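Welcome! Let us take a friendly walk through the empty spaces and the surface of a protein model.

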Amino acid sequence: MIFVIYGEESFLMEQKLQALKKEYNCSEEMMNLSTYRGDEDSIESVYEDLITPPFFTDKKMIVLKNLYFLTTKKLKKDNSEIEYFEKCLDNDSKEVIFVIYHVGKDFDERKKIVKRLRKEAKFFEIDKVNHYKLSDSTRQAVKRRNAIIDDDALELLLSRLGDSLNNVVMEVEKLCLYDKHITYEAVDKLVSKPLDENVFALTSAILQRDRQKMFSIYKDLMILNEEPIKLIVLIAGQMRLIYQVKLLDRKGYTDKEIGKILGINPYRLKYLRQEGKDFDLNELLKCLDALSKLDVEIKTGKIDKKMGLELFMIRI
């Protein structure tokens with residue numbers, strides 16, 4: 001039996017793998033479970049394990065992770081690895097459960113081996129949980145731990161963690177141990193700010209011409225050794241998103257449509273709307289043009305990257 005577990009939500013993928021282990025009664029303790037990595041172990045070793053029948057149990061499970069020759073990644077071709085993988089698929093033993101586990105959705109559907117796998121294996125595609133379901137799941141996870149979370153605290157938590165269910169689960173555990181009533185202040189104190197949030201705050205300060213605030217945030221980012229060129233790209237990205245949101249809003253698109261077009265969650269869209277309400281499109285374009293010229297000047301050696309970003313913030 002061949003199963004393929006793949007997708008973008010590692011937490012739910014791991015749950016599916018655990019469910020298969022339980023269903024077929026396979027575990028390290030029972031010595032009928034082996035895990036290999038395609039980027040570290042040879043496929044020949046996997047094949048030899050597959051053709052070896054279980055000794056002390058009715059079934060055994062082989063889990064193979066990171067099988068990159070199935071994906072669109074350009075790697076040095078190793079025909080022997082593919083040949084041994086073909087042999088793995090030829091092994092039709094009902095005693096051996098073969099699980100291919102891949103984080104991502106980048107299988108190359110043009111490859112013959114992938115086409116064959118599609119025909120012969122049972123696929124479990126695990127997508128990320130949508131934002132509304134994630135919100136409900138987070139609230140339920142808090143409730144199961146006999147705690148409650150304020151609405152603004154939940155919003156801040158999800159805005160900082162994005163769509164990662166795995167990160168949400170870990171942070172909920174930490175927050176519930178800290179206090180059974182999770183407030184905005186608790187989340188702000190215990191959940192680390194992602195770089196995006198700091199860049200968003202910096203972008204906001206730049207657009208508001210608040211030099212004291214922008215240089216305070218900039219100083220913190222320099223202490224964290226953030227690369228000025230990277231910051232320039234991220235600031236431009238934030239401004240571009242604000243511009244796109246305002247433009248789509250002007251054309252009459254709904255929040256749901258804007259979120260889908262731009263690939264952003266409702267929490268981020270809310271902040272982008274709020275940030276962009278006081279700025280017109282021409283002003284945003286002017287800032288983007290200045291950042292574009294600064295990027296060229298840095299890359300052509302006309303100005304030091306750190307000095308260039310600081311001058312941009314002073315002149316804006």
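Is Phe-55 buried or exposed? Keep in mind that the model is predicted. Phe-55 has a relative accessible area of 69%, and because exposed means over 50%, Phe-55 counts as exposed. You will find Phe-55 in the loop between α2 (43–50) and β3 (60–65). Together with Met-31 and Phe-56, Phe-55 makes a nonpolar surface patch of about 480 Å².

Now for the empty spaces. The count of cavities of 30 Å³ or more comes to one. Its lining is made by Met-1, Ile-2, Leu-50, Cys-88, Asn-91, Ser-93, Val-96 and Phe-98. The largest pocket has a lining of 30 residues, and those nearest its centre are Ser-159, Asp-196, Glu-197, Phe-200 and Tyr-271. Two or more residues of this lining come from each of α6 (151–161), α8 (184–190), α9 (195–207), α10 (211–223) and α13 (266–276). Of these elements, α9 gives the most, with six residues.

Here are the two spaces side by side.

| Space | Volume | Nonpolar lining residues | Polar lining residues | Charged lining residues |
|---|---|---|---|---|
| Largest cavity | about 40 Å³ | six | two | none |
| Largest pocket | about 780 Å³ | twelve | eight | ten |

As you look at the model, try the pocket from its centre outwards: Asp-196, Glu-197 and Phe-200 are among the residues nearest that centre. Then turn to the surface and look for the nonpolar patch of Met-31, Phe-55 and Phe-56.

Technical notes: Residues are numbered from 1 along each chain as its sequence is written. This is a predicted model: local features need pLDDT of at least 70, side-chain atom pairs count only at pLDDT 80 or more; totals for chains, interfaces and linings use all residues. Side-chain values use heavy atoms; hydrogens and water are left out. On a 1 Å grid over the protein atoms alone, a cavity is a set of points where a 1.4 Å probe fits but cannot get out, and a pocket is an open set with protein on both sides within 12 Å along at least five of seven lines; lining residues have an atom within 4 Å of a point. Grid points are joined across faces, edges and corners, and a volume is the space filled by probe spheres set on the points. Ala, Val, Leu, Ile, Met, Phe, Trp, Tyr, Cys and Pro count as nonpolar, Asp, Glu, Lys and Arg as charged, and the others, Gly among them, as polar. Helices (H or I, at least four residues) and strands (E, at least two) are DSSP runs, numbered from the N terminus. Patches are made of residues with over 30% relative accessible area and no salt bridge: like charges are joined within 9 Å, nonpolar side chains (Val, Leu, Ile, Met, Phe, Trp, Tyr) within 5 Å. Accessible areas come from the Shrake-Rupley method with a 1.4 Å probe; for residues, only the protein chains shown count as cover. A salt bridge is a side-chain nitrogen of Lys or Arg within 4 Å of a carboxyl oxygen of Asp or Glu. Buried means under 20% relative accessible area, exposed over 50%, partly exposed in between (1.4 Å probe, protein chains only).
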